[in-house]
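Reader: Hello! I am new to reading protein models. Could you take me through the one below?

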Amino acid sequence: MERGEKEAQQYVWDGAIPLQIHLHDSEVTTLPPPSPALILAPRIGYLPLLSPQLKPFFSEALPPGVDTIWFEYKGLPLKWYIPTGVLFDLLCAGPERPWNLTVHFRGYPGNILLPCDGEDSVKWSYINSLKEAAYVIHGSSKNVMNMSHPDQVELWRSVMNGNLETYNRISSKLKLGIIGDEFSGKPNPSPSKGQHSVDETEATAAVKASRIPVRLYLWAINEDFNDLEEAPHFDSWDQISYINRPVEFNTEGKYFTLLDAVKSILPEFYPDSSNRTNAESTDEQRIEPEKERHPVVKLLRIQGIEPKMEIPFSWVVNNLMNPDYFLHICLYIKAPKTIGA
Amino acid sequence: MVSIKATCDGSLSSINFQIAAITFAEKWKKFNSDLPEWLWIDCSNRLGFAAHGVRDGYLSVQNVFFQIQRSLKEDYGECSSLNDYEEPFDIATLTTGDDGYWYDFHVVYSSSYSVPVLYFRARSSDGQPLNKDEIEKNLPTGSAKVLTDSKWTFITQEEHPYLNRPWYMLHPCGTSEWMKLILAGENPAIENRNEQYLISWFSVVGQVFGLKLPFEMLKSVG
């Protein structure tokens, strides 16, 4: 891997969200109530993994009984199987620092959230996602399923502890290198519209079509807003659409951007966008708001970054994906006023 | 484009799934009028907006009643004298009763695994949802055990991709493998390839719950 790429990956793994966590009023039995816990949560981690750190802050205040931790943001129970950074990027448009969350240890909303019995549940969810990613990439989850038990344990630990070196060492055995193995180390071909040198074509001839695991969390906006801090907050997960669709990445010398990738998995908004050339699509996306004949991307966040849509998709995947080999994208999109006839 | 080749690797494309699903529902109704109907639930507009020509959705059958024959269970228990076709679970009917469970089944397409996935939930007659142990305990012993023992599938809880709530599902990671076996030796060029896929698929997963396809339906795809 190129040195530049190692740094980018480390940067992502070092990313963390400052949280200010309050115990829910209904669960406070002491006076004065416990102060909120201030904690730094890794972006690539999961909220229930913070439980050991949080319990000491609140255990004295809790009523007797069995503790099952869950978190909520302004009344919305948080899905623990979504990485912390993704939750923050999605739900906190005008980013709040610290992010104020409420923690519960009772009254688990089992009708909304999948059950979570602590670290094991999170580990299982992670491995399951990894298997799914492997299947998307290779058409088989065998390499993940055949991981030795010690390897699996070490891999999971490396994710929990944010240990990138160990993670790379073990995950490389899975051979899930997606795209960009061919691109990295080579200078990026200049995106001249429709012109490809013979060299480029030959270089990329070896690259066949790939499927890239992507999870898109989409909010389709009706009301417009200019300032992200004015973005309304979510009462319910029904307002957010979860799009779990792989991107079909067909290189063939074409310059495939992040925008191309997003369009290709949202035929609802971009009906003609599979295998479209880049040139036309980028021009159209520099939209004059008055036109409103096309969907408008109001916000696209990956790992807390709002990347330029023209960046090569391969770079985005290789550097910004999560340890589960999925690229998690948060997207606010405004539908065009008139639906195409 | 009809991807005939795709079905030879045990997978099914999203478009072909939609086509097959609607035909499946129609045939089920035609040959199986005693049982609750499968409905195609159209979700094309769930993003609040849908460009023309885009279709999204899943198959749903609600309120399938399984009556438990308790005495049979007591007599035979788990011992091997219980034949495969003497299942403790009676076939689903529209009759009501206290001694049974109500199931909802959804067939949802997975883009990751390129196969259909069976989602389900169960509740007792008083409306109480069943948990995984209770569900597994009440499956027909013969076929369900074979299926899960062979590691082709297992029951797991996952969020329903459209309804945003925890449901149970039969994990799809092994589906393309066993579908490849089932479809091997079938003529890949026949017209109703997609239909055949879905009907074959259902004839396997339905066994986990004792749901059988009517013979005419199986015959209709050759």
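Reader: In which loop does Tyr325(A) lie?

Author: Happy to help! This is a predicted model, in which local features need pLDDT of at least 70, side-chain atom pairs count only at pLDDT 80 or more, and totals for chains, interfaces and linings use all residues. Residues are numbered from 1 along each chain as its sequence is written, chains are lettered from A and ligands numbered from 1 in the order in which they are written, and side-chain values use heavy atoms, with hydrogens and water left out. Helices (DSSP runs of H or I, at least four residues) and strands (runs of E, at least two) are numbered from the N terminus. With those names, Tyr325(A) lies in the loop of chain A between helix 11 (313-320) and strand 11 (327-334).

Reader: What is the phi of Tyr325(A)?

Author: Most residues other than glycine have a negative phi. Tyr325(A) is not a glycine, yet its phi is positive, at about 65°.

Reader: Is Tyr325(A) buried or exposed?

Author: Buried means under 20% relative accessible area, exposed over 50%, and partly exposed in between, using a 1.4 Å probe and protein chains only. Tyr325(A) has a relative accessibility of 8%, so it counts as buried.

Reader: Which residue of chain B, other than glycine, has a positive phi near 55°?

Author: Look in the loop between strand 3 (100-110) and strand 4 (115-124) of chain B. The residue there is buried, with a relative accessible area of 15%. The one with phi near 55° is Ser114(B).

Reader: Which residues does a cis peptide bond join at Pro32(A) and at Pro98(A)?

Author: Most peptide bonds are trans. Pro32(A) sits in the loop between strand 1 (16-23) and strand 2 (37-42) of chain A, while Pro98(A) is in the loop between helix 3 (84-91) and strand 5 (99-104) of chain A. Omega is about -10° for the cis bond at Pro32(A) and about -5° for the one at Pro98(A). The joined residues are Leu31(A) with Pro32(A), and Arg97(A) with Pro98(A).

Reader: How many helices and strands does chain A have, and what share of its residues is buried?

Author: The secondary structure of chain A comes to eleven helices and eleven strands. Of its 341 residues, the buried share is 50%.

Reader: At what angle do helix 6 and helix 7 of chain A pack?

Author: Helix 6 covers residues 149-161 of chain A and helix 7 covers residues 164-171, with their axes 8 Å apart. Axes are lines fitted to C-alpha atoms, for helices over the stretch in contact, and angles run from 0 to 180 degrees between N-to-C directions. On that scale, the angle is about 145°.

Reader: Which residues of helix 7 of chain A make the contact with helix 6 of chain A?

Author: Contact means heavy atoms within 4.5 Å. Helix 6 of chain A brings Asp151(A), Glu154(A), Leu155(A), Ser158(A) and Val159(A). From helix 7 of chain A come Thr166(A), Tyr167(A), Arg169(A), Ile170(A) and Ser171(A).

Reader: Why is helix 5 of chain B called roughly perpendicular to helix 6 of chain B?

Author: Helix 5 (residues 175-183) and helix 6 (residues 193-209) of chain B have axes 10 Å apart and an angle of about 115° between them. That angle makes helix 5 of chain B roughly perpendicular to helix 6 of chain B. By the cut-offs, under 35 degrees is roughly parallel, over 145 roughly antiparallel, the rest oblique, and roughly perpendicular is 65 to 115.

Reader: How many residues of helix 6 of chain B are buried?

Author: Helix 6 of chain B reaches 25 Å from its first C-alpha to its last, close to the 24 Å expected at 1.5 Å a residue (1.5 Å times one less than the number of residues). Gly210(B), with a positive phi near 80°, follows this helix. Helix 6 of chain B is mostly covered, and its buried residues number 15 of 17.

Reader: Which residues is Pro172(B) in contact with, leaving aside its neighbours within four places in sequence?

Author: Pro172(B) is in the loop between strand 6 (166-170) and helix 5 of chain B. At 4% relative accessibility, Pro172(B) counts as buried. Its contacts beyond those neighbours are Tyr113(B), Val115(B) and Val117(B).
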